[in-house]
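Subject: A structure for you to explore

Hi there,

Here is the structure I promised to send you. Have it open while you read, so that you can look up each residue as we come to it.

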Amino acid sequence: MAQPAVIEVRRSDRRRRMVSARREGDTVIVFIPGWMSDSEERRWVDEMVRRLERSEARRRSPARKGDAELRRRSMELSRRYLDGRAEPHTVRWVPPMRTRWASCTPADATIRISERLRDVPSWVVDYVLIHELAHLLEPGHDTRFWAWVHRYPRAERAMGYLEGLSAAAGLGMLGIDGEEPEAEPEAATG
């Protein structure tokens, strides 16, 4: 990841020992104790930026690099969670969609993933891929469809993440496909 555009240091006399950092947009905010010297501050800022970038790099999916990697990841997920039965012809990133995160056309086995998802954690992209791959097996949002989707252990967590992302951005997106999903089976909502 490239060096952040802005680094903001926040000192606090109440903070005794712990140094922490977080990203807000292009800004990295580093929180340090008020007693630290300027040289310690520089050392800790450099260290915390490195740690934050390493953490973000671990969360990034190789699928973000391009369509070929996105398709490779979808095939790996199909093997792992869908018994290798979902075989998309193409999987590609597309410009942001207005009402959905992704779409699938089972007739020609194509999957399109919105570029809005390029910066979400990799487990969320994986969920979206699983959701669309499941449409290659079951076109609707019925009980059989959700049984496939819930083979992915982070499905519920990813759905919550996407709902929160949609709400925070004011996008008004309902579900992955832009429709309110049908009721899920009781056993899968766990």
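Below are some notes on salt bridges and on backbone angles. Please keep in mind that this is a predicted model.

Let's begin with the charged side chains. How many salt bridges does a search of the whole structure find? The search turns up 14 salt bridges.

A good one to look up is the pair Arg151 and Asp83, whose side chains meet in a salt bridge with a distance of 3.1 Å from N to O. Arg151 sits in the loop between helix 4 (143-149) and helix 5 (155-169), while Asp83 is in the loop between helix 2 and strand 4, so this pair ties together parts that are 68 residues apart in sequence. Is Arg151 buried, partly exposed or exposed? With a relative accessible area of 38%, Arg151 is partly exposed, because that category runs between the 20% limit for buried and the 50% limit for exposed.

Another salt bridge joins Arg10 and Glu8, at 2.6 Å from N to O. Arg10 has a relative accessibility of 32% and counts as partly exposed. Glu8 is also partly exposed, at 31%.

Next, try Arg144, which forms a salt bridge with Asp142; their closest N and O atoms are 3.1 Å apart. Here the two partners fall into separate categories: Arg144 is exposed, with a relative accessible area of 52%, whereas Asp142 is partly exposed, with 23%. There is a network to find as well: Arg73, Glu76, Arg80 and Asp126 are joined into one by salt bridges that share partners.

Now for the backbone. Which value does phi take at Asp83, the residue we met as a partner of Arg151? Phi of Asp83 is near 55 degrees, which is a positive value in a residue other than glycine. To place Asp83 on the chain, look in the loop that runs between helix 2 (67-81) and strand 4 (90-94).

Ala109 is another residue to check, with a positive phi of about 55 degrees although Ala109 is not a glycine. You will find Ala109 in the loop between strand 5 (102-105) and strand 6 (110-114). Is Ala109 buried or exposed? Its relative accessibility is 14%, so Ala109 counts as buried, the cut-off being under 20%.

Have fun looking around, and write back with any questions.

Best wishes

Notes. Residues numbered from 1 in each chain as written. Predicted model: local features only at pLDDT ≥ 70, side-chain atom pairs only at ≥ 80, totals over all residues. Heavy atoms only, no water. Helix = DSSP H or I, 4+ residues; strand = E, 2+ residues; numbered from the N terminus. Buried < 20%, exposed > 50% of the residue type's maximum accessible area, 1.4 Å probe, protein only. Salt bridge = Lys/Arg side-chain N within 4 Å of Asp/Glu carboxyl O.
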